[in-house]
Amino acid sequence: MIDVEKVVAAAKSDAAHWDRAGLPDEVITLAARAGLLGADRPAQLGGAGLAARELGELAATLGEHCTNLRSLVTVHGMVAAAVDRWGTAGQRQEWLPRLTSGDAIAALAATEAGAGTELSAVATAFEADGTDRRVSGEKLWVTFGQVADVFLVLGGSEGGLGAALVERDSPGVSVEPVEGQLGLRGARLAHIRFDRVRVPAAQLVAPPGFGLSHVVGTALDHGRYTVAWGCVGLARACLADAAAHAATRVQGGIALAEQQLIRATLGRCWVDIQGAQGLCEHAAEQRSDGSPGSIVATIAAKYAAAGAAATVSERAVQVLGAAGCGPDARAGRFYRDAKVMQIIEGAQEVAEVTIGEHVLRGARC
């Protein structure tokens, strides 16, 4: 069972503080105990076994209140999904119960200075050391890298790109906290360095050559899906704040809501959100049906929802004026977060190319 009420209540009162100081360890523990970190894992592993639509609605609910909290559920779920699908029986037995319960926090370590959009260009190397590997390289912008107990690391090997589970307390792992970035300021980001870290062969996930296309590919697909729904929740919250302000704010003896320009702005926001939600719902159906089109459907949903989040949050700040620019303003915080959503798990421009190629292959609506 998932008990989201206590987590949401904490977010309502403290999300602005978390954005400044980072999501506290005790809130991460609260989220784990509430079942959020195992939301879509099977019941036999202690998870809630949520279906795709239910997981999406959970991400939207969290997204309405705190992008950092939703990001914890996203990145942790990305690693769990990858291990669940591509891990060995031993890896699944060892890691999935720990990830599902939140006894271990996971993070994806893929991005590098020369490998962001093009992850195939990673320079991190997996060098053979007998049957084990030595991992060397530096990963950037690792969400919740400051607190993760295990990293799913993408790197190159003789047989092609590989993926491995690398534990934080392994000799040679160093963590550099990142602060003051544009958005996701409470997501405990870090740069992670691996200095010839010994990784047992048993912690290699899938054979070499499958690290990006299969293991990290699964993680990114899961991430795009929850980001998409989270963006819908974010946009809803911004529209609600803008509408409430317009209904009560009076200028020159006239409520903002009486001005046609404001009404038109709110109307455009509503349509953008409805369109994004519709694509998210379509992606949920495709995923539940096991359709081969689910990957593109998820990319389209993330593209539309991230765009709606950016547009609606910007319009909301404009309607709110100074009230949207204060240090505790939800719309202002989400305005910064929304820009990041258009970049992570695949930039908008890359999504457009992928969707365009889908159209040229004879896509059906």
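Let's start with strands β6 and β7. In this predicted model, β6 covers residues 173–177 and runs antiparallel to β7. The two are joined by 5 bridges. One contact to look at: glutamate 176 has histidine 191 as its bridge partner in β7.

Now the other partner of β7. Strand β3, residues 132–142, is joined to β7, residues 190–199, by 7 bridges. That pairing is antiparallel too. Here arginine 134 has arginine 198 as its bridge partner in β7. A general reminder while we are on strands: in a regular strand, side chains alternate between the two faces of the sheet.

Stay on β7 for the aromatics. How many aromatic pairs does a search of the whole structure find? The count is 1. The rings are those of phenylalanine 151 and phenylalanine 194, with centres 6.2 Å apart. Their planes stand at 80°, so the pair is edge-to-face; the cut-off for that label is over 60 degrees. Phenylalanine 151 sits in strand β4, residues 150–157, and phenylalanine 194 in β7. The two are 43 residues apart, so this contact links distant parts of the chain. Are these rings buried or exposed? Phenylalanine 151 is at 0% relative accessibility, so it counts as buried. Phenylalanine 194 is at 2%, and is buried as well.

One more ring before we move on. Arginine 287 lies over the face of tyrosine 225. The distance to the ring centre is 4.5 Å.

Next, charges. In general, side chains of opposite charge can pair when their charged atoms come close. The count in this model is 19 salt bridges. I'll take three that link distant parts of the chain, then a network.

Number one on my list is arginine 188 with aspartate 25. Their side chains meet in a salt bridge at 3.2 Å, N to O. Arginine 188 is in the loop between β6 and β7, and aspartate 25 is in helix α2, residues 25–33. The separation is 163 residues. What about exposure? Arginine 188 has 16% relative accessibility; buried means under 20%, so arginine 188 counts as buried. Aspartate 25, at 45%, is partly exposed.

Next is glutamate 281 with arginine 53. This salt bridge is 3.2 Å, N to O. Glutamate 281 belongs to helix α7, residues 260–289. Arginine 53 belongs to helix α3, residues 52–65. These residues are 228 apart in the chain. Glutamate 281 is partly exposed at 23%. Arginine 53 is partly exposed at 36%.

Then aspartate 241 with arginine 330. The closest N and O atoms are 2.7 Å apart. Aspartate 241 lies in helix α6, residues 211–248, and arginine 330 in helix α9, residues 330–341. The pair therefore ties together parts 89 residues apart in sequence. Aspartate 241 has 22% relative accessibility and counts as partly exposed. Arginine 330 is partly exposed too, at 23%.

And the network. Which residues are linked in it? Asp40, Arg41, Asp84 and Arg92, through salt bridges.

On to the cysteines. A disulfide, in general, is a covalent bond between the sulfur atoms of two cysteines. A search of the whole structure finds 0 disulfides. Why is cysteine 238 not bonded? Its closest cysteine sulfur, in cysteine 269, is 8.7 Å away. A disulfide needs sulfur atoms within 2.5 Å, so that distance is too far for a bond. Cysteine 238 itself is buried, at 0% relative accessibility. Cysteine 325 is in no disulfide either. The nearest cysteine sulfur to it is that of cysteine 238, 12 Å away. Cysteine 325 is exposed, with a relative accessible area of 58%.

Last, zoom out to the whole chain. The chain has 10 helices and 10 strands. Along its principal axes the C-alpha trace spans about 80 × 50 × 40 Å. Does the overall size fit a globule or not? What radius of gyration would a compact globule of 365 residues have? The expected value is near 21 Å, and the chain has 21 Å, which agrees. As for burial, 54% of the 365 residues count as buried.

Key: Residues are numbered from 1 along each chain as its sequence is written. This is a predicted model: local features need pLDDT of at least 70, side-chain atom pairs count only at pLDDT 80 or more; totals for chains, interfaces and linings use all residues. Side-chain values use heavy atoms; hydrogens and water are left out. Two strands pair if DSSP finds at least two bridges between them. Helices (H or I, at least four residues) and strands (E, at least two) are DSSP runs, numbered from the N terminus. Rings of Phe, Tyr and Trp (its six-membered ring) pair if their centres lie within 6.5 Å; planes under 30 degrees apart count as stacked, over 60 as edge-to-face and the rest as tilted. Buried means under 20% relative accessible area, exposed over 50%, partly exposed in between (1.4 Å probe, protein chains only). A charge sits over a ring if NZ of Lys or CZ of Arg is within 6 Å of the ring centre and within 35 degrees of the ring normal. A salt bridge is a side-chain nitrogen of Lys or Arg within 4 Å of a carboxyl oxygen of Asp or Glu. The radius of gyration is taken over C-alpha atoms; the globule rule is 2.2 Å times the number of residues to the power 0.38.
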